[in-house]
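Work through these exercises with the sequence and the model open. Try each task before reading its solution.

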Amino acid sequence: MIPEPSWTLGIEEEYFVVHAGDGSLVQEPISELMKEAGDKLGADLVKGEYLKAQIEVNTTVCSNIAEARKQIGDLRAELGFLASKYDLAIMAASTHPITFWSGLARSDDARYAFVHQELQIIVERALVCGMHVHVGIEDPDMRIDLMNQITYFLPYMLALSTSSPFWNSRSTGLLSYRTSVLTNLPRTGYPDHFDSYNQFTRYVEVLTDCEAIPDASMLWWHIRPHIKYPTLELRVCDICTDQNDTMALAALYLCLLRMLYRLRRDNKSWRKYPPGLLNENHWRAQRHGLNKGLIDFGASKVLPSADALHQIQGLLAEDAEALGCTDELAHLDTILERGTSAHRQLARHQECIDAGMDEEGALHEVCLDLMRGTMRR
């Protein structure tokens with residue numbers, strides 16, 4: 001019998017670097033900040049992103065949710081403190097409410113230079129941040145099998161994480177506009193179904209042998225087997241402004257994978273649905289977040305988000321207890337009650353408009369709220 005996975009996890013978060021006074025995006029962050037952050041936090045834990053106005057943090061490999069929670073809190077706090085020394089701040093949101101994408105300075109990193117050469121204006125528009133969650137699943141075939149099954153739940157994870165309602169100083173009408181931006185990139189969306197890890201590697205070999213991509217890191221699916229580590233990497237979520245939401249999403253992902261492992265162990269599996277149906281729910285999550293519910297494909301009806309998520313929480317109670325993340329999973333109720341970052345951004349914007357502010361002033365207030373929310377533990 002294949003041993004149970006280790007269920008280790010790691011979290012990556014991407015932030016905008018902004019001016020502390022008004023939340024506007026910096027054109028090119030101070031190099032001293034990047035150097036000091038690398039020296040203080042570790043070069044492996046803090047990295048540049050495609051744009052120089054973005055910064056990424058990574059936890060180490062964590063054995064449980066509590067360890068990951070502490071690291072994310074410490075990384076945000078320390079990076080925020082270092083940024084404040086330069087009159088800067090970090091902002092956890094998947095789009096910047098007031099910044100236009102054109103003309104921003106790109107990273108000098110060779111990999112990002114290759115990406116720009118290949119994708120041109122499509123990647124230049126990618127002024128977006130996200131969060132990725134890695135879960136350790138050592139057996140490669142199990143990694144693929146669980147990837148095939150968990151796709152059903154990914155629209156729920158997007159709906160719970162939305163933080164990108166604004167783009168180019170206007171409300172988009174979507175709660176996750178980041179998703180629309182990334183859809184323009186090649187090799188995005190839901191992965192194909194693979195019967196085994198060998199079939200997946202053959203798929204990658206076809207693309208690398210013909211030099212379409214240099215390696216599997218150029219597969220930007222909503223979920224993927226990581227190229228270097230024995231992990232299944234969740235990529236569908238917007239970044240959460242509230243780090244408690246981050247941990248709730250990480251716990252949900254971890255528990256879902258363990259639940260699907262239990263099914264596999266008992267020679268069962270979650271029913272698989274075609275990408276077209278998954279994309280219907282994905283669109284609902286992208287457009288409405290939690291507001292309009294998602295489709296229960298088995299019952300052929302839309303379920304209110306609260307009903308669907310409470311059903312899922314019931315399925316995962318055993319897993320949350322085993323993995324020590326009952327409190328984090330219960331925080332999903334808080335998200336349901338008070339909304340995601342996108343809901344709070346839109347509410348703050350409307351408050352400011354109602355108070356007599358003009359559009360520019362209201363959006364700057366949204367930025368200031370995002371800065372404060374990023375640092376709240």
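**Exercise 1. A charged pair between two helices**

Task: find how the side chains of R258 and D319 meet, and place both residues.

Solution. The model is predicted, so distances here are computed from its atoms.
- Step 1: R258 and D319 form a salt bridge, with N to O at 2.8 Å. The cut-off is 4 Å, so the pair qualifies.
- Step 2: R258 sits in helix α9, while D319 sits in helix α11. The pair therefore ties together parts 61 residues apart in sequence.
- Step 3: both residues are buried.

**Exercise 2. From a pair to a network**

Task: find what the side chains of D319 and R262 form, then name the residues of the network.

Solution.
- Step 1: D319 and R262 meet in a salt bridge, again 2.8 Å from N to O.
- Step 2: D319 belongs to helix α11 and R262 to helix α9, so this pair links parts 57 residues apart in sequence.
- Step 3: D319 is buried, and R262 is buried too.
- Step 4: follow the shared partners. Salt bridges join E4, R258, R262, E318 and D319 into one network.
- Step 5: set this against the total. The structure holds 23 salt bridges.

**Exercise 3. How the two helices pack**

Task: describe the packing of helix α9 (residues 243–265) and helix α11 (residues 305–323).

Solution. Two packed helices are described by the angle between their axes and the distance between the axes.
- Step 1: the angle is about 95°, and the axes are 9 Å apart.
- Step 2: angles of 65 to 115 degrees count as roughly perpendicular. Helix α9 is therefore roughly perpendicular to α11.
- Step 3: list the contact residues. Helix α9 gives L252, L254, C255, L256, R258, M259 and R262. Helix α11 gives I312, L315, L316, E318, D319, A320, A322 and L323.
- Step 4: sort the residues of this contact. There are 11 nonpolar, no polar and four charged.

**Exercise 4. A pair within one helix**

Task: decide whether D39 and K35 are buried or exposed, and find how far apart they are in helix α1.

Solution.
- Step 1: their side chains meet in a salt bridge, N to O at 2.9 Å.
- Step 2: the two residues are four apart in helix α1 (residues 31–41), so about one helical turn separates them.
- Step 3: exposed means over 50% relative accessible area. D39 has 55%, so D39 is exposed. K35 also counts as exposed, at 55% relative accessibility.

**Exercise 5. Cysteines**

Task: how many disulfides does the structure hold? Then check C367 and C210.

Solution. A disulfide is a covalent bond between the sulfur atoms of two cysteines.
- Step 1: the count is zero.
- Step 2: C367 is in no disulfide. The nearest cysteine sulfur belongs to C352 and is 11 Å away. The cut-off is 2.5 Å.
- Step 3: C367 counts as buried, at 0% relative accessibility.
- Step 4: C210 is exposed, with a relative accessible area of 53%.

**Exercise 6. The surroundings of Q71**

Task: which residues is Q71 in contact with, leaving aside neighbours within four places in sequence?

Solution.
- Step 1: locate Q71. It lies in helix α2 (residues 65–84).
- Step 2: buried means under 20% relative accessible area. Q71 has 17% relative accessibility, so Q71 counts as buried.
- Step 3: the contacts of Q71 are T59, T60 and C62.
- Step 4: take T59. Q71 and T59 are 12 residues apart in sequence, and their C-alpha atoms are 6.1 Å apart.

Terms used: Residues are numbered from 1 along each chain as its sequence is written. This is a predicted model: local features need pLDDT of at least 70, side-chain atom pairs count only at pLDDT 80 or more; totals for chains, interfaces and linings use all residues. Side-chain values use heavy atoms; hydrogens and water are left out. Axes are lines fitted to C-alpha atoms, for helices over the stretch in contact, and angles run from 0 to 180 degrees between N-to-C directions. Angles under 35 degrees count as roughly parallel, over 145 as roughly antiparallel, 65 to 115 as roughly perpendicular and the rest as oblique. Contact means heavy atoms within 4.5 Å. Ala, Val, Leu, Ile, Met, Phe, Trp, Tyr, Cys and Pro count as nonpolar, Asp, Glu, Lys and Arg as charged, and the others, Gly among them, as polar. Buried means under 20% relative accessible area, exposed over 50%, partly exposed in between (1.4 Å probe, protein chains only).
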